[in-house]
Amino acid sequence: MAKAQKETRERERIVQEKYQAVVLEMSEDEALFLADILSRIGGNPELTRRRHQESLTQALKNAGVQGGGAQDIDGGILMWSGPRIDLGAERPAQNWAL
């Protein structure tokens, strides 16, 4: 004989929605450049657009692209890091990063 009882259960619902997307096609060298730039981004990931850096970097890694960062001296990227106060230093503060 069949039995039935009522139960309250939770389940995950999958909702499909439309959204705006940007599709960016680039060469491998351009992707390496972007990975290098992303590796240099700082700031508060909760209060600024810096929060997107990690997902962009991971997407590039998933595609097999990993930037050279500081080790890529021959193709290094110079970026101005802004004014820096270096108290007590014997040499001037460096404002450029590879």
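**Reading a pocket and two helices**

Student: How do the residues lining the largest pocket divide into nonpolar, polar and charged?

Tutor: There are 6 nonpolar, 1 polar and no charged residues in that lining. Here Ala, Val, Leu, Ile, Met, Phe, Trp, Tyr, Cys and Pro count as nonpolar, Asp, Glu, Lys and Arg as charged, and the others, Gly among them, as polar. Keep in mind that this is a predicted model, where local features need pLDDT of at least 70, side-chain atom pairs count only at pLDDT 80 or more, and totals for chains, interfaces and linings use all residues. Residues are numbered from 1 along each chain as its sequence is written, and side-chain values use heavy atoms, with hydrogens and water left out.

Student: Which residues line the largest pocket, and how much space lies in it?

Tutor: A pocket is an open set of points on a 1 Å grid over the protein atoms alone where a 1.4 Å probe fits, with protein on both sides within 12 Å along at least five of seven lines; lining residues have an atom within 4 Å of a point. In this model the largest pocket holds about 200 Å³. Leu 24, Met 26, Leu 34, Ser 55, Leu 56, Ala 59 and Leu 60 line it. Helix H2 gives the most to that lining, with 4 residues.

Student: Let's zoom out. How many helices and strands does the chain have?

Tutor: Helices (H or I, at least four residues) and strands (E, at least two) are DSSP runs, numbered from the N terminus. This chain has 2 helices and 2 strands, and they come in the order α-α-β-β along the sequence. Of its 98 residues, 11% are buried (under 20% relative accessible area; over 50% is exposed, in between is partly exposed; 1.4 Å probe, protein chains only).

Student: How far apart are the end C-alpha atoms of H1, and what span should we expect?

Tutor: The expected span is 1.5 Å times one less than the number of residues. H1 has 12 residues (28–39), so it should span 16 Å, and its end C-alpha atoms are indeed 16 Å apart.

Student: Which residues of H1 are buried?

Tutor: Ala 31, Ala 35, Asp 36 and Leu 38 are the buried ones. They sit on the same side of H1, because their arc around the axis (directions from the axis to the C-beta atoms) is only 165°. Those residues pack against helix H2 (53–62).

Student: Which residues of H2 are buried?

Tutor: An α-helix has 3.6 residues a turn, so residues three or four places apart point the same way. In H2 the buried residues are Gln 53, Thr 57 and Leu 60. Seen down the axis, they fall within an arc of 60°, so they line one face of the helix. H1 is part of what covers them. Over on the other side of H2, Glu 54 and Asn 62 are exposed.

Student: Is Gln 53 buried or exposed, and what does it touch?

Tutor: Gln 53 has a relative accessible area of 14%, so it counts as buried. Leaving aside neighbours within four places in sequence, Gln 53 is in contact (heavy atoms within 4.5 Å) with Leu 38 and Ile 41.

Student: Where is His 52?

Tutor: His 52 lies in the loop between H1 and H2. At 38% relative accessibility, His 52 is partly exposed. Its C-alpha atom is 9.6 Å from that of Leu 38, 14 residues away along the chain.

Key: Grid points are joined across faces, edges and corners, and a volume is the space filled by probe spheres set on the points.
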